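Hi,

Here is the structure I promised to pass on. Have a look at it first, and then read my notes underneath.

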Amino acid sequence: REANLANNNSMLIFRSLKFKLTVAIIVLVIALMGPVIGLINRTVSELILLETIEKGIAIARGIASGSEDPLLTNDDLALFSQLKGAIENRGVVYAMIVDKNNIVRAHSDVHLSRQPYIELEGDIFKVNKDYVIKAYWDKSEKLYDITVPISSVSATDKIGTVHVVLSEKIVREPVDRASRNITYLTLLGLFLGGGGAFILATVMVRPINLLVSGVRAIGEGKFNQRIDFRRNDEIGELTSAFNDMAKGLEEREFIRKTLRKFVDKDIADELLKNPDKIKLGGERKKVTVLFADIRGFTLMSENMPPEEVVALLNKHYSSILPIIDIYGGVLDKFIGDAIMVTFGTPFTKDDDALRAVKAGLMIRDIRRGLNEKLAIEGKEPIHMGIGINTGYVVAGNIGSEERMEYTVLGDVVNIAARIEGLSLKEDIIITEDTYKEVMDSIIISQEKEKFALKGKSKPVTVYRVVGIKEAA
């Protein structure tokens, strides 16, 4: 009889929900462990490979940018110097410079220099306008040949190519390490998850279906999901916590979508307070528009590697954007090396025009200080032109229901952009409309000037601002 009772108890345990849930989770984790580890390994491999290739492209571009003159003047020593730093990078197998006659002019292995270049057979991995990447096997090792052309300002065709060859071995090491760690974590999660599932199944029998349905709804992005279930125990607290979580996710999702549509903090805060304003359309309002542009940027960027151009712009904007914030301006958009800033959106103030002029003057002073440092370092100064105009525009959300941008439109914007082109080195050019707003607070360099702007039937009157009066 005792044996039968023990046998029945064993059968009840095997048929219980907590046992089934525990076994199901363990089996599910085991079944998914392999594919998940494979997926993670593949994803990590792809990310590391792409990062390595991007690094290789940057190295090849750097070599190409410094190889034009040595290649034209047959300065092989300088070409070898270009390659010296490349092979010191982890993952680089070798590098070489080939001239237009298909002769290896410089090779990281000196013995292979001055030999005809033999293109290896392989598959095209990626092609861009300024590089080609080919993948091929060398014995048991997969290599990637990154080819970047060497161009000359005085020649129409390329005068040579740079080849940087990377090994895929650099990808395998971190992937193997990550695979081991994931396996250990999976086993630990399997043990803890099984025990936790066994305990939770005991106390979650009745409301389990409601909670599963709610979790699935949250997973589908239905953050308005709520569970109407009340109990004065842990299950009741779990249900209440679930509802609070769903409400928090719903609010955060709204904030996330709003911030994706609107960049400026003031605009985002206003729309979060008044959600009804998130719709297409605009309103007519008076604003002051400021344009600031780097002088000679096109020529400057032609003589610099792309990485240095980006670094230069980032450093330049880092010195300007805090000034815009100080004077309450709103960054409307970046236009390459230029920025468009509005004063009067989303809230109009009486001193919008004066704050715009003060911001322009501070940008000028900061830029002059930075240029003095550049001069000490032996570098060319960076000059800016600044144009400011005031008037009525249409301010609002432009775009579609799925994607929109808060901006201003109108002739005021066009004129501000045009007069910015009249500015010389850090000149602050303002229109007649802006001058009327700030005339009692500013100092101008001379009497008004008139210029004929493209697309305008009448000349536009402008002033050059020197500074702010002491009383202002």
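Below is what I found, going from the whole chain down to single residues.

First, a word on confidence: this is a predicted model. The mean pLDDT of the protein is 80, and 82% of the residues reach at least 70. Confidence varies along the chain, though. Of the elements, helix H1 (residues 2–15) comes out lowest, with a mean pLDDT of 53, while helix H13 (residues 432–438) comes out highest, at 92. So please read H1 with that mean of 53 in mind, as the definition of pLDDT is the predictor's confidence in each residue.

On the overall build, I get 13 helices and 15 strands. The protein has 472 residues, and 39% of them are buried. If you take the contacts with a separation of 6 or more, 61% are between residues 24 or more positions apart.

One helix you might like to pull up is H11, which runs over residues 352–376. H11 has 25 residues and spans 37 Å from first C-alpha to last, close to the expected 36 Å. Just after H11 comes Gly 378, with a positive phi of about 80°.

Now for the residue I spent some time on, Lys 285. You will find Lys 285 in strand S7 (residues 281–294). What does this lysine do for a partner of opposite charge? Lys 285 is buried but has no salt bridge. Its nearest side chain of opposite charge is Glu 283, 4.1 Å away, and a salt bridge is counted only within 4 Å. What the Lys 285 side chain does reach is the backbone oxygen of Gly 344, at 3.4 Å. Leaving out residues up to four places away in sequence, Lys 285 touches two stretches of the chain that you can click through: Gly 344, Thr 345, Pro 346, Phe 347 and Thr 348 are among its contacts, and so are Gly 391, Tyr 392, Val 393 and Ala 395.

Finally, two residues other than glycine have a positive phi and are worth a click. Asn 74 has a phi near 60° and lies in the loop between helix H3 (68–72) and helix H4 (76–84). Arg 114 also has a phi near 60°, and its loop connects strand S2 (104–107) with strand S3 (123–128). Are they buried or exposed? Asn 74 is exposed, at a relative accessible area of 51%, whereas Arg 114 is partly exposed, at 49%. The two get separate labels because exposed means over 50%.

Cheers

Key. Residues numbered from 1 in each chain as written. Heavy atoms only, no water. Helix = DSSP H or I, 4+ residues; strand = E, 2+ residues; numbered from the N terminus. Expected span 1.5 Å × (residues − 1). pLDDT = per-residue confidence, 0-100. Buried < 20%, exposed > 50% of the residue type's maximum accessible area, 1.4 Å probe, protein only. Lys, Arg positive; Asp, Glu negative; His and termini not counted. Polar contact = N/O pair within 3.5 Å; in protein donor to acceptor, adjacent residues only side chain to side chain. Contact = heavy atoms within 4.5 Å.
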